[in-house]
Amino acid sequence: MSSSPLRPPSHLPPATALQLSQQAPKIFEEAPGAISTSVLQSLFSASETPELWTIYENLLLSCLRTRDDGAAHQCLGRLINRFGDENERVMALVGLLKEAEAEDDATLEVVLKEYNAILDKNPTNIPIVKRRVALLRSLGRVSDAVAALLSLLDFSPTDSEAWSELSDMYFSQGLYPQAIFALEEVLVLQPNAWNIHARLGELLLMAAKSSQPADASRQLGEAVKRFCRSVELCDDYLRGFYGLKLATRKLLQEPPKIAKQSSDNDMPLPDATTLRRLDELATEKLAEITRKFAAGEKGWQGYDEAEVVAAKALLEEDSSAVTR
């Protein structure tokens, strides 16, 4: 995977984030105009581009992940010099740096108090609200974090990132209906997000395991729909095909029971022939992905290695079941 400093570092594997953080000295050297002590000089510097500040922010986050606090402070200093310490995004980065350097929960509580003080003055400072939510969750205060997110969504209901985080927190507490509802709100805002369709399918799969048979059949049918939509939007999406195979296999294992209980549902389950075709499609695609990833073919190396290993294990399990 590329280690471009324009790529959000939170989605990079550790090794790639390390490669990016190691670019810090070169980036600092190639952008001398950004260290000007004058805001006006910085503004009109020939070396400044719209991408420069994205690079600094992403570099800061990668440096924090790799514990290069010195380089992180340099990035933050340049951002403060350019945008000022009252900029909401900069304030959140300042807080993030303090969180990263905190040695114990007591220090984190001090940072939390600073966030509370900022929000007392400006309750709509969304970057600080989100940092506060993340800090509450890291301190194990999930209920408080959920309450804070719900307050955020009261005045910013179109924040898909907040809905997604809320779904994840509900999921961590085993509250599947609430987690599913929150993720459906993300899809209202981002209907073509194939990863969210697949994630919703995964939640529905997990919810079906602990549901009554009638509800389980409905959830499995909806999961198939979500996984199909995911791979329709991204025809090489491993998680979508992996989930599709799991869902179709589950339905094919218990067809009479599930078909009977699903007959009155608003969206009837696919028939056995369709399910087998979907299962075959998922199997073929997973086999292609794992084969080309293992061969090191160009254009097939962007997958998470752990996901590829899981897909290979699923295929081997399926093959063993057929052999027996």
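1. A disulfide is counted here as a pair of cysteine sulfur atoms within 2.5 Å, and this cut-off settles the case of Cys-75 in what is a predicted model. The sulfur of Cys-75 has its closest cysteine sulfur in Cys-63, at 5.2 Å, and the pair is therefore too far apart for a bond. Applied to the structure, the rule gives a count of 0 disulfides.

2. The burial of two cysteines can be set beside that result. Cys-75 is buried, its relative accessible area being 0%, while Cys-234, with a relative accessible area of 19%, is also classed as buried; since buried means under 20% relative accessible area, a reader may wish to keep the cut-off in view when quoting the value of 19% for Cys-234.

3. As for the chain as a whole, the secondary structure consists of 17 helices and 0 strands. Of its 324 residues, 42% count as buried, and the chain exposes about 17,400 Å², of which carbon and sulfur atoms supply 53%. Among contacts in the chain with a separation of 6 or more, 57% are accounted for by residues 24 or more positions apart.

4. Asn-125 is placed in the loop between α7 (105-121) and α8 (126-138), and with a relative accessible area of 2% this loop residue is buried. Not counting residues up to four places away in sequence, Asn-125 touches Glu-88, Met-91, Ile-118 and Leu-119. Tyr-115 stands 10 residues from Asn-125 along the chain, and the C-alpha atoms of the two are separated by 9.9 Å.

5. Asp-159 belongs to another loop, the one between α9 (142-155) and α10 (160-172), and it counts as buried at 10% relative accessibility. A polar atom of the Asp-159 side chain lies 3.0 Å from the backbone nitrogen of Ala-162. Once its neighbours within four places in sequence are left aside, Asp-159 is in contact with Ile-126, Lys-130, Leu-152, Leu-153 and Leu-189.

6. One annotation deserves a careful reading: an unreviewed UniProt entry lists residues 160-193 under "repeat: TPR". In the model, the span of residues 160-193 is 79% helix and 0% strand, and its end C-alpha atoms lie 11 Å apart. The label itself comes from the UniProt record, whereas the helix content and the end-to-end separation of residues 160-193 are computed from the predicted model.

Key. Residues numbered from 1 in each chain as written. Predicted model: local features only at pLDDT ≥ 70, side-chain atom pairs only at ≥ 80, totals over all residues. Heavy atoms only, no water. Helix = DSSP H or I, 4+ residues; strand = E, 2+ residues; numbered from the N terminus. Buried < 20%, exposed > 50% of the residue type's maximum accessible area, 1.4 Å probe, protein only. Contact = heavy atoms within 4.5 Å. Areas by Shrake-Rupley, 256 points an atom, 1.4 Å probe, with all protein chains shown as cover. UniProt positions renumbered as here; feature names shortened; annotations may be inferred. Polar contact = N/O pair within 3.5 Å; in protein donor to acceptor, adjacent residues only side chain to side chain.
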